[in-house]
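Work through the exercises below with the model open. Try each task before reading its solution.

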Amino acid sequence: MGNVIGIGAAPKRKEDQRFLTGRGNYVSDIKRPGMAAGVFVRSPHGHAVLRGIDKSAALAAPGVIAVLTGEDVKADGLGSLPCGWGISDAKGVPMKEPPFPMLAQGKVRFVGDMVAFVVAETPEQANVGAELLKIDYEVLPSVVGLLEAVRPNAPQLFDDVPNNICCDWELGDKAAVETAFKKAAHVAKLSLVNNRLIGNPMEPRAAIAEYEPGTDRFTLWTTSQFPHVVRFLMGALVLNIPQHKLRVVAPDVGGGFGVKQFHYGEEAVITWAAKRVRRPVKWVASRSEGYVSDRHGRDHVTEAELALDETGKFLAFRVNTLANMGGYLSTFGPNIPTNLYGPLLGGVYTTPAIYCNVKVVFTNTVPVDAYRGAGRPEATFVLERIVDVAASEMGIDRVEIRRRNMIPKEAYPYQTPVLVQYDSGDPMGCLDGALVAADVKNFGIRKAASASKGKFRGLGYSTYVEACGLAPSRFAGRLGARGGLYESATVRVHPTGQVTVMIGTHNHGQGHETTFAQIVSEKLGVAFENVDIVFGDTDRVQFGMGTYGSRSLVVGGAALSKATDKVIAKGKKIASHLLEAAEVDIQFEAGKFSVAGTDRSKTFEEIAGAAYVPHNYPLEVLEPGLEEQAYYDPVNFTYPGGCHIAEVEVDPETGTVTLVNYTAVDDVGTVINPMIVEGQLHGGIVQGVGQALFENAVYDEGSGQLLSGSLMDYCMPRADHLPMMKVATHSTLCTHTPMGVKGCGEVGTIGSPAAVINAVVDALSHLGVTHVDMPATPNRIWRLLQNASLPVAAE
Amino acid sequence: MKPFSYHQPDQIPDAARLLTSIEDSKLVAGGMTLIPTLKQRLANPPALVDLSKLGSLKGITDGGATITIGAMTPHAVVAASKLVQAKTPGLAALASMIGDPAVRSRGTIGGSVANNDPAADYPAGVLGLGATIVTSVREIAADKFFLGLFETALVPGEIITAIRFPVPLKAGYAKFKAPASRYALVGVFVAKFADGVRVAVTGAGSGVFRVPPMEAALSSNFDPSAVAAIKIDTDGLTSDIHAEADYRAHLVTVMAKRAVDAALS
Ligand SMILES: Cc1cc2nc3c(=O)[nH]c(=O)nc-3n(C[C@H](O)[C@H](O)[C@H](O)COP(=O)(O)OP(=O)(O)OC[C@H]3O[C@@H](n4cnc5c(N)ncnc54)[C@H](O)[C@@H]3O)c2cc1C
């Protein structure tokens, strides 16, 4: 018999057994009898009229089974890819929502836009068929940059979307902000770019679809973070397949980071094609294909202004942002730079008035959507950068200005002027902890040591908060969500006392099979090894919204906790019958139901056995079996946060920035498995460091070509880019989640870019540098130093 | 990848014959450059002629005043070679900086030199040391071999069998890695011989090139300070999303200094 491994323990991850021994089961591992291969033909142009497609040569090629195009989609009367959020402007006018056909119709709007799907006996034959398609394009000028796209006379993507503006969104009290700015002793201003990113999960996207004529059922295996949502969006809104006739399976998935939390046209096309050709069809993206089709992240241009009084207290904050949507609206697209951005502009500060305007803009680029952190890293970057700018302009220490404006621990719950109410937190505690852990006290010594080698050393802070645990459905509905955001869990206790959990979140690297098993092990007192977590299959799991927005533990874990409570409650009823005691006298602890004040008890296994063999059982009042389900809709977001401190060294000769130390003290609420939390923080921080120093998706204006279209040109952070990180938690408990958890999946990515860039600016501040755009590449730093035109240290 | 026939000759003449008799056929050495282009369907040779069974193309030999490295010698073997480390440590260091361990254990010096990628490392070492490219039909001086962007003096059917390097008095290589690819954004190889200094630059332009003013300055004073003030003209230098031409020009000076430093240490 194994042991209970409960909350706070750090067992090795259950799932790693299969991953590390090469026994994972990914979509591309799956083979179906009679399976054909599919290849997508994608637009090589950023913007073009699609005049016609001649399929004849392709169809005549050996092995080619079918060639499908937008015309076929139209002929079959299929729907457009839906957007899950409908936002509105200040006057209540809904966003412009042009159709997003699953295969292009009439026009292509980004390099990678899907034009045709070729199905053949083998991938090679499908590729040959694809090369034989004759596609007649009338190439139009592309517009890829935000500033360019909103200019008068810019190329326009959709006839009915003037200036390419999808929505002119705003939040906050504009008048109050204007009044406050008039009274300000100082106004800090900052223009910045939040660079465009490409998620690059290790496993490229892939899908297999199969149609069974005997039952009229479809099965789609897909690399998805949310199979039930794909079933709903694709079945109900695109392909008109009844929900009970569609099974969506997302088996092992090799990383997502948001890239796999959208309903993609590929999924719909392949499912539709499987019925048309009466064969299972498989498609696996290449890495290069992923670059021009996986949804990208970030891509903002922002002007921000912070009003302060003479003591450095923030009076008001005004932010104007242009946010790139790419060529069409993706599943969450318009929600990210608006609802997940504006409400975070309060940060951990008491700023009384905030106004934010976001123009959501179409361009000839891959659709932009959520990428780890989604909106909150962008907000944190603007705020934490401008706080540093204000501090330096007013001659106030950067830590001191933060302290003067921080929400004190006692002030929670704290209502911000931008919708959200923080339930708990202790930003000052995180800051104090981080200052010690980062040995800020001795930074001067380290800076001098760097200087003696001709290097510039800098220190950067980011004291941040985020909103996750997506999301309270009612609140989200008011903001434009078109679906619910609850989560569900079923706890199935087997007659022998082992437990299978069916949960609607999806594990693709986060360690759910371990964390959730720990919760059940702790709560039911069953051995850790006797709990299995099932996810990712709409035929096996009742329902679910999936994994994104640091919601799995916060929302899914809460549903799981509630379902386990129901199991315990039913167990007490059974125990009360078996032990002939009043139900109120039954206690459950450490896997035992006992009568208070006596030594009479029944084990969890005995109760499970009695539930399934109900010979001595109150059948009149209680159903047999021991299986409970719970749906949980959160009452608020959760607000993890913390303090990150980055320390960099800049080589002025080459402009190279080296991250030499990194410290994070985060408040993630209750920690279920500290090892997994640490891993999530490490991974998150690395992605944020990637944004700050290395990653950049670059398009060519005019042609719309992606210039950073492979790992040879898009720089992912690597192990040798990073120091050993110091991460710690300083937790306050969430007041409204069952276990006090806050979520930890995105905090690293949210806190880190600002910390790193603040450190780079600090290192160069003696040269008059006040801002560095991301990524802080050697060329960019060198250029700043050239412009600073100060003598650069020789040797 | 499109279908092709695959040949594994064990004699150089057989390889040469296959190469000339099957039109558009290609040699494959480590495959580190060739295979990705096949996978992306950018090249579709009807036949591949694999050099891996040609034993005479492997290995490193000591010729006293020269070192000869067989064309099929992987980068990792050059990097770890005691002989190269002892006689021309700068060349061993260069090999150790190529790609990653997997690339170094497959990729070969012959493949790298034949490919003449404008950002590859070996061309800087070969030109900087004034090496001789030995082929199945002749010997070609490095100065006559590299003809610009992926262009070399090789004629169809010609196979590199070895590279013969003169042993310098001192030599060093400094590489500023391109952030994503880790090829040379700028790499500079300096070599000091009794009769003067050679300086070869890779990564900065459309192909490896020498820098006569630096060579002259270092010939009279082999010290980093000798090149510190020598600026490179940006004409012909590459500008791309990673580095603008003037930055590359600046890096040539910085890497030249560091290469001299490395040669002296
Ligand atoms: C991830 C990655 C990173 C890399 N990083 C670097 C780097 O930092 N620096 C660097 O310099 N290189 C780098 N490379 C390239 C690597 O060094 C390759 O080894 C080299 O470019 C080609 O060598 P190969 O043996 O693989 O040749 P192949 O790919 O087999 O062949 C390349 C070309 O040369 C021809 N060829 C091969 N051998 C001969 C011969 N003996 N005679 C005539 N023609 C021949 C082939 O026909 C082909 O056209 C990298 C490659 C990869 C995949």
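**Exercise 1. Place K177(B) and decide whether it is buried or exposed.**

Step 1. Find the element. K177(B) belongs to strand β9 of chain B. Strands here are DSSP runs of E with at least two residues, helices are runs of H or I with at least four, and both are numbered from the N terminus.

Step 2. Read the accessibility. K177(B) has 37% relative accessibility, so it counts as partly exposed. Buried means under 20% relative accessible area, exposed means over 50%, and partly exposed lies in between (1.4 Å probe, protein chains only).

Step 3. Relate K177(B) to S239(B). The two are 62 residues apart in sequence, and their C-alpha atoms are 15 Å apart in space.

A note on conventions. This is a predicted model, in which local features need pLDDT of at least 70 and side-chain atom pairs count only at pLDDT 80 or more, while totals for chains, interfaces and linings use all residues. Residues are numbered from 1 along each chain as its sequence is written, chains are lettered from A and ligands numbered from 1 in the order in which they are written, and side-chain values use heavy atoms, with hydrogens and water left out.

**Exercise 2. Trace the sheet that holds β9 of chain B: what is the strand order?**

Step 1. Order the strands. The open sheet has four, running β9-β10-β11-β12 in chain B, with antiparallel pairing. β9 and β12 (209-210) of chain B are the edge strands with a single partner each, so one side of each has no neighbour in the sheet.

Step 2. Follow the pairs. Strands count as paired if DSSP finds at least two bridges between them. Eight bridges link β9(B) to β10 (residues 184-193) of chain B. Within this pair, K175(B) faces G187(B). At the other end, β11 (residues 196-202) of chain B and β12(B) share two bridges. There V201(B) is opposite F209(B).

Step 3. Inspect the turn. Six residues separate β9(B) and β10(B) in their hairpin, and R182(B) in the turn has a positive phi of about 65°.

Step 4. Check burial. In β9 (residues 170-177) of chain B, six of the eight residues are buried, so the strand is largely enclosed by the rest of the structure.

**Exercise 3. Which strands pair with β8(B)?**

Step 1. Take β5 (residues 66-70) of chain B. β5 runs antiparallel to β8(B) over five bridges. I69(B) sits opposite I163(B).

Step 2. Take β6 (residues 132-135) of chain B. This strand also pairs with β8(B) in the antiparallel sense, over four bridges. T135(B) sits opposite I160(B).

Step 3. Check burial. Five of the seven residues of β8 (residues 160-166) of chain B are buried, so the strand is largely enclosed by the rest of the structure.

**Exercise 4. Describe the polar contacts and surroundings of the ligand.**

Step 1. List the contacts. A polar contact is a pair of N or O atoms within 3.5 Å; within protein, one must be able to donate a hydrogen and the other to accept it, and residues adjacent in sequence count only if both atoms are side-chain atoms. A ligand oxygen lies 2.7 Å from a backbone N or O atom of G30(B). A ligand nitrogen lies 2.7 Å from a polar side-chain atom of D121(B). A polar backbone atom of I160(B) is 2.9 Å from a ligand nitrogen.

Step 2. Gauge the cover. The protein covers 91% of the 970 Å² of accessible area that the ligand has on its own. Areas use the Shrake-Rupley method with a 1.4 Å probe.

Step 3. Place the ligand. Domain 1 (1-51) and domain 2 (170-264) of chain B both give residues to the shell, so the ligand lies between them. The domain bounds come from an automatic or database assignment. The two domain centres, taken over C-alpha atoms, are 34 Å apart.

**Exercise 5. Characterise N339(A) in its loop.**

Step 1. Locate the residue. N339(A) lies between β14 (314-326) and β15 (353-362) of chain A.

Step 2. Judge burial. With 7% relative accessibility, N339(A) counts as buried.

Step 3. Find the partners. The N339(A) side chain makes a polar contact with the side chain of N335(A) at 3.0 Å. A polar atom of the N339(A) side chain also lies 3.2 Å from the backbone oxygen of L479(A).
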